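Here is a short tour of the model shown below. Keep the structure open beside the text as you read.

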Amino acid sequence: MASATAEALNTLCAGLILIAAFAMVATRQVQGVVRFFVIQSLLLSASCFLLAYSRSSVHLWALGAITIGAKVIAIPWVLRRLLPDDFYERREISQAVNIPASLLLALLLVVVAEFLTGPLVATAKDSVIRINLPLGLAGVLIAVWSLVARREALPQLIGILAMENGAFLAGIAIASELPIIAELAVAMDVVLIAVVVGLLTRSIRKELGTTVAAGLAELKEEPVSWR
Amino acid sequence: MIETIGYNILQIIFVMAFAPLYAGVLSRFKEMVQSRRGPSVFQPYRDIWKLFQKDEVISEETTWIFRFTPYLVFVIPIFVATLIPVLTDYPLAFAFMADMLGGGFFLALAGFFAALAAVDTGNPYGPMGASRTRMVGYLAEPVFMIVFFTVSFVAQSTIPFIVQQKWVANSAAFFSPAHILLLIAFLMLILAEGGRIPVDNPTGHFELAMIDESKGLEYSGRGAALMKWGGQMKFMVLACIFLNVLFAPWGLAHGTDLLSIFAAVPQILFKVLVFAVVLVVIETSLAKLRLFRISEFLGAAFITSVAAMVTSIFPGA
């Protein structure tokens, strides 16, 4: 009974993770995108803990703790330290595609994810896989899309990290007995990505005064005002 | 049979009696959050009472639509209240007259007449507000439809009482992603239809920015009272659908005796009160959207509702 409740709450988390993914696509403010990413990571670790409880798996407990440590605490803190405040205050007005169209595309990606995982899920006996696999894939695809549509560097970085969140959501359902060393390596990787991209963004901004990725395609000789 | 008709009438009385109180509590909470005192929670009752005492002035240029509309706006939420589980969790006498979609159509009928009446007066602000409500209305309509389709797909019925039973009986369905997405979409819909903050400012007195309020500007006396009371009842009915059917289908009377019906009243008032706190948090933490951003807001609601449908159709759910 208790594990059934845990699995029911896990589906709740999975649904909220999908909503957080939508919210990350729909938010204009950079600060808001980071906030939704933190919420999504928190939900992911909650889902981890719930599955760990229902399957009594030590690996998943550890994985949940690692997720909290890396994505809820370390990455936002590192980015806060590396990047100046005006990164967070910025609003992204010009995305490659406007937000309603972007959301429609995200919806289409959910359909694609459900369609692709449909045959796999139909054979799965575990009810957790039936929920987490399609929604995890949807999370990955939506994050890839936000990576394409966003123009600022920080939301793009968050897109990469959110991709990883989606993959984790699917991963914890399929392979709950992944060796802990692999999980640690992934978690370290993610923090390192944040550090490297953060540092890179900082130095790019120092050089050019902008971090709009679309503007970096052109060569330049003289430091001119880009804004 | 006589009994259930009586309970249906009790439901109507419940909605009629507590709708102004709910409006008062909502505005009071909001004022408290913004560290002001605000009027008493019973102020809406006094307003309605005062308006009923006053003479009614009707322009000679208006037609029967203008006089007829307040009654329609007042009666339709009462009619919808007979269709939905306000107090009981078993179907009452009139529950099978119309389903959720039918209730939605009736609310839309009231909105349609309110818009016509606003145009009827020739006051420049009326038609402007009416056209804006129609804009919000036609953007909200597809969300309504998809939400009801999804509900009917999951619960195999569109009668609110049966849908409510479905969520109570099956906790796996209650926590499913489809249900969560549905709730978010319906909440956004309530904010839009009730003229709450991200879409419209219910306390705004600036005619140029009004959406929902401007429809009733020309009414006075009894007409104004009925429009006001009707609007409050519509919001109460929407809140009851959201809470009793979709979000928290517990705490409704199960027994058929009068005592259990009265025991359900405080539980439902408590749920509605918690919902008021949530609404106040939403209203004070968001800014009112610009008019052309409303399409984005309701577009997001539409996408959430379609995502709910998608996740409930595929075998994963």
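The report goes from chain A to its contact with chain B, then to the core and to some backbone details.

Please bear in mind that this is a predicted model. Chain A has 8 helices and 0 strands, and its elements follow the order α-α-α-α-α-α-α-α from the N terminus. Of the 227 residues in chain A, 43% are buried. Among the contacts in chain A with a separation of 6 or more, 75% join residues 24 or more positions apart.

Now to the place where the chains meet. Chain A contributes 27 residues to the contact and chain B contributes 20 residues. On the side of chain A that touches chain B, the elements giving two or more residues are α1 (2-26), α5 (99-123) and α6 (127-149) of chain A. The most comes from α5(A), with 12 residues. Sorted by class, this side of chain A holds 21 nonpolar, 4 polar and 2 charged residues.

The largest nonpolar core has 164 residues, and those touching the most other members are A:Ile17, A:Ala21, A:Phe22, A:Met24, B:Val143, B:Ala185 and B:Val237. Helix α9 (residues 221-247) of chain B supplies the largest share of this core, 16 residues. One of the core residues named above, A:Phe22, is worth a click in your viewer. Setting aside neighbours within four places in sequence, A:Phe22 is in contact with A:Leu103 and A:Ala106, and also with B:Ile303 and B:Thr304.

Let us turn to the backbone of chain B. Helix α4 (residues 100-121) of chain B counts 22 residues and spans 32 Å from its first C-alpha to its last, close to the 32 Å expected at 1.5 Å a residue. Just after α4(B) comes B:Gly122, with a positive phi of about 80°.

Most residues other than glycine have a negative phi. Two residues of chain B that are not glycine take a positive value, as the table shows.

| Residue | Phi | Loop in chain B | C-beta atoms within 10 Å |
|---|---|---|---|
| B:Ser35 | about 45° | between α1 (2-33) and α2 (43-53) | 6 other C-beta atoms |
| B:Gln156 | near 60° | between α5 (125-155) and α6 (160-169) | 10 C-beta neighbours |

Are these two residues buried or exposed? B:Ser35 is exposed, because it has 6 other C-beta atoms within 10 Å and a residue counts as exposed at 12 or fewer. B:Gln156 is exposed too, because its C-beta neighbours inside 10 Å number 10.

Definitions and conventions: Residues are numbered from 1 along each chain as its sequence is written. Chains are lettered from A and ligands numbered from 1 in the order in which they are written. This is a predicted model: local features need pLDDT of at least 70, side-chain atom pairs count only at pLDDT 80 or more; totals for chains, interfaces and linings use all residues. Two residues are in contact if their C-beta atoms, placed from the backbone, lie within 7 Å. Helices (H or I, at least four residues) and strands (E, at least two) are DSSP runs, numbered from the N terminus. Ala, Val, Leu, Ile, Met, Phe, Trp, Tyr, Cys and Pro count as nonpolar, Asp, Glu, Lys and Arg as charged, and the others, Gly among them, as polar. The expected span of a helix is 1.5 Å times one less than its number of residues. A residue is buried if 20 or more other C-beta atoms lie within 10 Å of its own, exposed if 12 or fewer, and partly exposed in between; C-beta atoms are placed from the backbone. A nonpolar core is a set of buried Ala, Val, Leu, Ile, Met, Phe, Trp, Tyr and Cys residues joined through C-beta atoms within 7 Å.
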